[in-house]
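Student: I'd like a close look at one part of this model, the charged side-chain pairs. Please start there, then place them in the wider picture of what is covered.

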Amino acid sequence: MSDLTSILYGIAAVVVIVAGCFIMAAAYVYIKNAGSKADQQPVALAEIKSDSSTHTLTPRVSVRNLADDPNPATLLRLQHMFELTGDKLSQISKQMMAEMKKGLASDDGTMKMIPTHVVRRPKGNETGSYLALDLGGTNFRVCEVTLDGHGKTRSRQSKHTVTDDLKTGTGEALFDFFAENVKQFLLNDGQNEITEKELEAKEYKLGFTFSFAVNQVSINEGYLMVWNKGFSASDCIEKNVVTLLQDAFKRKRLNVKVTALVNDTTGTLVSHAYTAPDTYVGVILGTGTNAAYVEKIENITKFKSAGHAKDMIINTEWGAFDDEMVVIPRTKYDHKVDRGTAHYKTWTFEKLISGMYLGEIVRYVLADLVKTGEIFSAGGSKTLGVQYAFETAYMSRIERDHSLDLSDVRTVLEDLMHIPSTTLADRRLVRAICEMVGKRAARLSAAGIAAIVTKMNKLDGCTVGIDGSLFELYPHFSNRMRDALHEILGFSADNIVLEQARDGSGQGAALIAALADTLTE
């Protein structure tokens with residue numbers, strides 16, 4: 001029995017030894033084969049296709065077609081033109097602070113720093129219904145705003161377009177147009193229609209948001225200094241715009257009293273402060289651009305105060321910042337846009353960042369690239385040669401297109417701008433140009449806000465109410481502003497809150513009209 005056991009143990013040992021040798025040999029072969037393939041990249045299942053002739057599987061390698069990319073030299077040249085580094089933004093911000101101080105001391109500076117005579121902000125407990133007339137640029141609105149006393153409002157409004165004929169015609173025709181629309185608005189109060197005789201018996205208080213530079217001498221008296229945004233109506237310069245509107249109401253037999261003249265940025269600030277008490281800055285980023293903020297009266301050395309108020313809202317009129325062109329780099333396209341305006345060499349900051357002009361900058365870039373043969377090999381179009389034909393809204397639409405073939409960009413270029421045909425490389429280049437121009441506008445806007453917040457010494461916390469289509473609707477505009485603020489202010493930028501201030505200009509005008517007796521100096 002012991003002999004049999006020994007034999008079985010011997011057989012088992014031989015089996016184990018043979019199996020071990022087999023395993024070692026297999027491992028050697030595996031390691032050798034794996035090593036010979038070390039430099040090979042794995043091929044995804046989706047990248048394998050069948051060769052129908054041999055029935056074998058072959059890898060398909062995806063290679064980007066360089067012909068679909070814009071010319072790198074063209075891109076680099078344009079990027080150098082429109083790029084603003086963080087250091088340059090800081091320089092711009094410091095220069096704006098210096099110009100603000102000049103404007104507070106005298107009217108000789110480029111930034112007019114206009115005292116608004118609004119020396120307090122609302123508390124949020126105000127009540128009543130008031131009218132507002134809001135002229136911001138291309139559009140004009142009539143509003144009725146009801147304050148509920150709890151920081152909330154209700155409103156109804158009608159919106160109208162100011163035609164080019166009205167913008168460039170007589171002042172009387174322009175203000176009669178405003179008065180007539182107010183009349184029609186009041187004749188139909190949204191619930192009941194009233195007769196003209198009944199309307200004449202009613203009294204109304206109205207706040208007039210007038211988004212142009214005025215020399216404001218009291219809460220309801222201001223003299224137009226200069227038109228911009230495409231306006232040039234006659235017999236208005238150096239006239240009291242409240243009187244112009246009040247006279248138009250009389251011609252329409254309306255018993256409407258204009259109790260407050262308000263710049264749209266002042267209205268935005270006051271309106272947003274009604275619901276967000278930490279609001280100390282109001283900014284407009286739309287057809288035009290401007291900013292207002294709360295300044296200590298002791299710093300407004302050109303203003304002779306007889307009251308006891310400590311603060312006053314200042315209308316900066318920052319659209320004219322750097323008209324001397326000492327700090328902001330300008331491209332040849334910026335100069336072309338400037339020369340094509342009614343106010344050459346003025347409001348140059350506005351021409352770099354507002355919705356009125358961004359599309360026009362892009363149009364000049366595209367027209368230039370057509371001439372140099374760097375875009376649209378099939379040629380440009382007559383539309384591309386028409387001033388302001390390329391709208392800023394097109395830029396927004398183009399930047400929002402993330403499709404592989406940029407189909408919406410093609411629609412804008414071929415259907416709206418009538419370019420005969422475009423390649424994918426063309427469309428990518430156009431999208432890149434829109435991004436460059438739009439990004440620069442956002443970063444310049446942020447530099448302005450950084451200057452104001454620093455000037456107020458509010459780096460520890462401040463809300464900025466921003467109204468306008470650029471901030472609200474243009475893709476990435478607000479995020480680009482926030483990124484730029486971080487580059488300029490560092491960690492302090494976390495304390496600066498940028499908030500959408502919807503309908504600030506209309507609601508703000510009504511608020512100031514309601515509080516004209518208590519909010520003024």
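Tutor: Happy to. Let's start with Asp322, which is buried because its relative accessibility is 1%; buried means under 20% relative accessible area, exposed over 50%, and partly exposed in between (1.4 Å probe, protein chains only). Before we go on, please keep in mind that this is a predicted model, where local features need pLDDT of at least 70, side-chain atom pairs count only at pLDDT 80 or more, and totals for chains, interfaces and linings use all residues. Residues are numbered from 1 along each chain as its sequence is written, and side-chain values use heavy atoms, with hydrogens and water left out.

The partner of Asp322 is Arg330: their side chains form a salt bridge at 2.6 Å, N to O. By salt bridge I mean a side-chain nitrogen of Lys or Arg within 4 Å of a carboxyl oxygen of Asp or Glu, and the count by that rule is 21. Arg330 is buried too, at a relative accessible area of 16%.

Another pair is Asp338 with Lys351, again with 2.6 Å from N to O. This salt bridge ties together distant parts of the chain, since Asp338 sits in helix H9 (residues 332–339) and Lys351 in helix H10 (residues 350–353), 13 residues apart. Helices here are DSSP runs of H or I with at least four residues, strands are E runs of at least two, and both are numbered from the N terminus. Asp338 and Lys351 are both buried.

Now look at Arg410 and Asp405, whose side chains meet in a salt bridge of 3.8 Å, N to O. Arg410 is partly exposed, because its relative accessible area is 29%, and Asp405 is partly exposed as well, at 35%. Together with Glu414, these two residues belong to a network of salt bridges.

Burial also takes in an uncharged polar residue, Asn290, which counts as buried at 4% relative accessibility. Asn290 lies in strand S12 (residues 289–296). Its side chain makes polar contacts with the side chains of Asn315 at 2.7 Å and Asn263 at 3.4 Å. A polar contact is a pair of N or O atoms within 3.5 Å; within protein, one must be able to donate a hydrogen and the other to accept it, and residues adjacent in sequence count only if both atoms are side-chain atoms.

For the nonpolar side of the picture, take the largest nonpolar core, a set of buried Ala, Val, Leu, Ile, Met, Phe, Trp, Tyr and Cys residues joined through side-chain atoms within 4.5 Å. This core has 109 residues, and Phe390, Ile449 and Met481 touch the most other members. Helix H14 (residues 424–456) is its biggest contributor, giving 19 residues. A second, separate core holds 38 residues, including Leu187, Ile194, Val241 and Ala248.

Leu187 is also one of the buried residues of helix H5, as are the charged Asp176 and Lys183. In H5 (residues 171–187), 12 of the 17 residues are buried. Helix H8 (residues 264–275) is likewise mostly covered, with 11 of its 12 residues buried, among them Asp264 and His272.

Technical notes:
The expected span of a helix is 1.5 Å times one less than its number of residues.
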